[in-house]
Amino acid sequence: MESQRAANFQSLTENVGRFSVKNKTFLIPEMDRIAAHLIAATFRGFGINAKVMDTYKGLDLGKEYTSGKECYPCLITTGDILYFLKKEHEKLGEAFNPEDYIYFMPESDGPCRFGMYNKYQRIVLDSFAEFKGIKIGSLSTKDGYSLAGMIERGRVRDLRKASYFSMVVADILDRLLWKIRPYEKESGMTDDFIERSMGVMEDTFETYGAKKDFDKILDKLDEIIEEGKTIIDSNIPPKPLIGIVGEIYLRTHVHANQHLIRVLERHGAEVINASMAEWINYTTYDRLREAKIGFRLNLKQLRLGPMKEYLGKILGYWGDLLYQEFRQKQAYKRARSLIDLAEDHKIAHLEGILKEDDLFTFDVGTEACLSIAGIIEYARGGYNGVVNVYPFTCMPSTTTSAIVMPLMNKLGVPYLDTPYDSGIQPGREAAIRTFMYQAYQHFKRHPRKT
Ligand code: SF4
């Protein structure tokens, strides 16, 4: 018993972490569909055999191997990896070797449970004799999702830069989808177009990502946007604008959120979701912020060694953040010169919003920092309603809800909480319809210019 327990702990430390992906199949869970596929394509451009796993098909397995008290994304991703491995095992038979794969499950060091998914999934995978040998590749917010150790040292920074850029381009493609679909000439045109465009962009990232030829990638994005504009029926008048915030997995995983954006669109909305790059920028910003605090504390005590260490971190994270903001701005500027897409915000700006009325603080961390400030940003930006989407019992999103609800009443902007688990809530459709009615009233009082 004792030796079994020791073996379990050993597995948690030895089989979860950062591993070289050389000669391995790198398995990426699908969260935001476009982002997952563009990141995988970028990795392939660097010679890594990256593959996006099917999602949601293993939901029953996820339910079977969780207790029901875990966060919903943990349940879904547990099902995804088990479903993939079981299918692969069936397909390859004797030739199946779990050591050929690395399953990607990042983590966060925040006060909530995201840091535990990969540990929990390690225990689940270890309970199958045939899956024990698969490693879980984990990146952490602790070092701003550094990719060090995964590939040769000389290419780590390029991989990070290209991966980040793929996420920005995925955000823009998502925004293009949400911009066009409510105004499309024929039902289904936008979905077909975006699916095709995602394939084009995968090829583009696979070819140019590793060369960091971002201009070529943006040229291709221009072509896609130009084509997308032809789908818009200019006779359809503007619709109420709804902003989404919340927990990143739920708001970007369309099965998990039961196609929330599509449902809102069906009830007359144009929707914009918070971006994926926002989270990456936030983790870099937060590490920089922590390094500055560490430096100041040691300066007060004149501890030169730690001061030097923190100074190095400040310069490193500062450089990363500047680079990310530069690339993001560059891509949005190009896209926005062709079509009126919503811009993304800087994280420092969001922190500034929270500080105005001491609503919340980055010292607490988590996505609540982004969601609370993001909601206020939407309200000030003339949005006609805001939806907070999150897994049932999600700690940061529940905090967000508690803080913003009275605020939204004061601001007079419709607001809706939409917690999800795998069940269908009977009143959800009614809640969304009521919310959209309120948003439409707001829209009539505050019409959009074009
Ligand atoms: S953010 Fe919410 S859903 Fe994600 S791990 Fe934390 S509590 Fe769970």
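In this predicted model, the C-alpha centres of domain 1 and domain 2 lie 30 Å apart, the division of the protein being into domain 1 (2-141) and domain 2 (237-275 + 345-450), the latter assembled from two segments. Contact between the two domains involves 13 residues of domain 1 and 16 residues of domain 2. On the side of domain 1 that touches domain 2, α3 (59-64) and α4 (72-92) each supply at least two residues, and the most is given by α4, with 3 residues. Classified by residue type, this side of domain 1 comprises 9 nonpolar, 2 polar and 2 charged residues.

The ligand is surrounded by residues C71, P73, C112, R113, F114, E247, E367, P391, C394, M395 and P396. Both domain 1 (2-141) and domain 2 (237-275 + 345-450) contribute to this shell, with at least three residues drawn from each. In terms of class, 8 residues of the shell are nonpolar and 3 are charged, whereas no polar residue is found around the ligand.

Attention now turns to the sheet and the helices beside it. An open sheet is formed by 4 strands in the order β7-β6-β8-β9, with parallel pairing. Because β7 (270-273) and β9 (415-420) stand at the edges and each has a single partner strand, one side of each is left without a neighbour in the sheet. From one strand to the next, the twist averages 25 degrees. The pairing of strand β6 (residues 241-246) with β7 is parallel and extends over 4 bridges; G243, for instance, has I272 in β7 as its bridge partner. Helix α14 (residues 368-380) packs on the sheet, where it touches β6 and β8 (385-391), and the direction of α14 makes about 170 degrees with that of β6. Since angles over 145 degrees count as roughly antiparallel, α14 is therefore roughly antiparallel to β6.

Helix α14 also meets a second helix, α13 (residues 347-356), the two axes coming within 9 Å and crossing at roughly 80 degrees, so that α13 is roughly perpendicular to α14. The contact is made by L350, I353 and L354 on the α13 side, and by C369, L370, I372, A373, G374, I376 and E377 on the α14 side. Across both helices, the residues of this contact divide into 8 nonpolar, 1 polar and 1 charged, with G374 as the polar residue and E377 as the charged one, since Gly counts as polar and Glu as charged.

Key:
Residues are numbered from 1 along each chain as its sequence is written. This is a predicted model: local features need pLDDT of at least 70, side-chain atom pairs count only at pLDDT 80 or more; totals for chains, interfaces and linings use all residues. A residue is near a molecule or strand if its C-beta atom, placed from the backbone, lies within 6 Å of it. Domain bounds come from an automatic or database domain assignment. Two strands pair if DSSP finds at least two bridges between them. Axes are lines fitted to C-alpha atoms, for helices over the stretch in contact, and angles run from 0 to 180 degrees between N-to-C directions. Two residues are in contact if their C-beta atoms, placed from the backbone, lie within 7 Å. Angles under 35 degrees count as roughly parallel, over 145 as roughly antiparallel, 65 to 115 as roughly perpendicular and the rest as oblique.
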